[in-house]
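Me: I have a structure open and want to go through it a piece at a time. Can you take my questions as they come?

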Amino acid sequence: MEVKKVVLFWFVLLLTAPLNGTAAKSSMARRNLEVKRHLTRFNKQSLKSIKSPDGDIIDCIHISHQPAFDHPYFKNHTIQMKPSYHPEGGVFSESKKVGKNNEKGGKSIISQLWHMNGRCPQGTIPVRRTHKRDLLRASSIQNYGKKSHKSIIRPTSSASPEPNIISQNGHQHAIAYVEGDQYYGAKATINVWDPKIQQPNEFSLSQLWVLGGSFASDLNSIEAGWQVSPDLYGDNNTRLFTYWTSDAYQATGCYNLLCSGFIQINNEIAMGASIHPISGYRNSQYDISILVWKDPKEGHWWMQFGNDRVLGYWPSFLFSYLSDSASMIEWGGEVVNSASDGQHTTTQMGSGHFPGEGFGKASYIRNIQVVDDSNNLRPPKDIGIFTEQSSCYDVKLGKNGEWGSYFYYGGPGRNPNCP
């Protein structure tokens, strides 16, 4: 009887094997077709391509062919080549030179690695090329270039003294923030490092957030800064990035230019490209300056990199709450703690050192400012700070004449006090 069962089993297996093989081939074909379709959408025809020393390929795309214009909403949109208004004020210099021990500020960065091998011509924008391997690293092809919607944090509310964390999902922060007013933009000078990442599905970033909405399913967010994200980019390089969402990271928005949204006008800076050089521990410090503000006339949200590079804008019609103003501004660091081995991750935030170590060792964000309803840059009032576990990552506020309002932040992750 047992022999008959065994024979029957192998007979059925032989009959179904070809069917299973056919199904697998069909599934693979569908996947390849989907990858090809996405790559065609991401990678537009270029007028020039530049190979970066870090392996990136930067394609110079005609400005009117950029990904934003794939969406029907943009069909009749006329590109605005410059903002109608620029915020007034902002008294802090961004070009101070420092060595190892001078705390006046970091050397301002305006370069990316790909600049070593060429530049894009006028009338084009630089776009980092997406490869098949990039899509295959993502949890799904559809999710490539998108954040998890479970990473929302509201550090506090005026009605409650207790932190109000909306589904951390392993995301940890060390931030400064302001709320309780109407904000029309934010600015910061952000120290640039290359934090070590433990797991490929983790990341470490430093950025500013311009936020509106109830921090539920309707959150509007504009974000910009630098990040190290092996899953997204396939390496551990420190890269300039932007992000936006109008529904709390659920269906809208993406990193950089990986969906319709941000309209780029600048031909010098590539979203998602590596920043160079990077700060060193007890060595020279480097930082980038980022300004995001709402044009009072057109209503679009513009982004500037450094002293004079206006990169582009998020059209006002992308948003609901941010179509008027922001209700909260945040600056600081964020990491993913996947706790893959049952312990806290060793992924670093900022420099990987705690704020108490100070300049040249800990990471800083200085000259933080907000844009008010008169389109003026001004120091923020009533700055709050927040971190989930100060023994893992911490934040420390300060203020002086050179740096205005600033803070040191970050940490090593797992350590004897953060098991």
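Reply: Sure. One term before we start: contact means heavy atoms within 4.5 Å. Also keep in mind that this is a predicted model.

Me: OK. Which residues is aspartate 56 in contact with, leaving aside its neighbours within four places in sequence?
Reply: Aspartate 56 is in contact with Ile50, Lys51, Arg128, Arg239, Gly272 and Ala273.

Me: Where does aspartate 56 lie? And is it buried or exposed?
Reply: Aspartate 56 lies in the loop between β1 (46–51) and β2 (57–62). It is buried, with a relative accessible area of 7%; under 20% counts as buried.

Me: What does the side chain of aspartate 56 do with arginine 128?
Reply: The two side chains make a polar contact of 3.1 Å. The side chain of aspartate 56 also has a polar contact with that of arginine 239, at 2.7 Å.

Me: Ala273 was in that contact list. Which core includes Ala273?
Reply: I'll take the cores in order. The largest nonpolar core has 92 residues, and Val210, Leu240, Ile290, Met303, Trp314 and Trp331 touch the most other members. Ala273 belongs to a second, separate core of seven residues, which also includes Cys60, Trp114 and Cys120.

Me: Back to Ile290. What does isoleucine 290 touch, not counting residues up to four places away in sequence?
Reply: Among them are Ala186, Ala188, Ile190, Leu208, Leu240, Met303 and Phe305. Lys187 and Gln304 are touched by isoleucine 290 too.

Me: What about strand β13: how many of its residues are buried?
Reply: Nine of the nine residues in β13 (residues 286–294) are buried, so the strand is largely enclosed by the rest of the structure.

Me: Which residues are on which side of β13?
Reply: Tyr286, Ile288, Ile290, Val292 and Lys294 are on one side, with Asp287, Ser289, Leu291 and Trp293 on the other. Both faces are covered.

Me: Why do they split up like that?
Reply: In a regular strand the side chains alternate between the two faces of the sheet.

Me: Which strands pair with β13, and in which sense?
Reply: β4 (residues 107–108) pairs with β13 in the parallel sense over two bridges. β7 (residues 185–191) runs antiparallel to β13, joined by seven bridges. β14 (residues 301–305) is also antiparallel to β13, with five bridges.

Me: Give me some residue pairs I can click on.
Reply: For β4, serine 108 has aspartate 287 in β13 as its bridge partner. For β7, alanine 186 has valine 292 in β13 as its bridge partner. Valine 292 also stands opposite methionine 303 in β14.

Me: How many residues sit between the strands in the hairpin of β13 and β14?
Reply: There are six residues between the strands, and glycine 299 in this hairpin takes a positive phi near 85°.

Me: Change of topic: the open sheet of seven strands. What is its order?
Reply: The order is β11-β10-β9-β8-β16-β6-β19, with antiparallel pairing. β11 and β19 (384–387) are the edge strands, each pairing on one side only.

Me: How many bridges between β9 and β10?
Reply: β9 (residues 220–228) and β10 (residues 239–245) pair over seven bridges in the antiparallel sense. Glutamate 223, for example, has tyrosine 243 in β10 as its bridge partner.

Me: What sits over the ring of tyrosine 243?
Reply: The charged end of lysine 147, at 5.3 Å from the ring centre.

Me: Now aromatics. How many aromatic pairs in the whole structure?
Reply: A search finds 18 aromatic pairs. In one of them, phenylalanine 262 and tryptophan 314 are edge-to-face, 4.6 Å centre to centre with 65° between the planes. That pair links distant parts of the chain, 52 residues apart: phenylalanine 262 is in the loop between β11 (254–255) and β12 (263–264), and tryptophan 314 is in strand β15 (residues 309–314).

Me: Are those two buried or exposed?
Reply: Phenylalanine 262 is buried at 1% relative accessible area. Tryptophan 314 is buried too, at 0%.

Me: Which residues form the aromatic cluster with Trp403?
Reply: Phe359, Tyr364, Tyr406 and Tyr408 join Trp403 in one cluster. The backbone nitrogen of tryptophan 403 also lies 2.6 Å from a polar atom of the asparagine 400 side chain.

Me: Where is asparagine 400?
Reply: In strand β20 (residues 394–400). Asparagine 400 is partly exposed, with a relative accessible area of 37%.

Note on methods
Residues numbered from 1 in each chain as written. Predicted model: local features only at pLDDT ≥ 70, side-chain atom pairs only at ≥ 80, totals over all residues. Heavy atoms only, no water. Phe/Tyr/Trp six-rings, centres within 6.5 Å; stacked < 30°, edge-to-face > 60°. Helix = DSSP H or I, 4+ residues; strand = E, 2+ residues; numbered from the N terminus. Buried < 20%, exposed > 50% of the residue type's maximum accessible area, 1.4 Å probe, protein only. Lys NZ or Arg CZ within 6 Å of the ring centre and 35° of its normal. Polar contact = N/O pair within 3.5 Å; in protein donor to acceptor, adjacent residues only side chain to side chain. Core = buried A, V, L, I, M, F, W, Y, C linked by side-chain atoms within 4.5 Å. Pairing = 2+ DSSP bridges.
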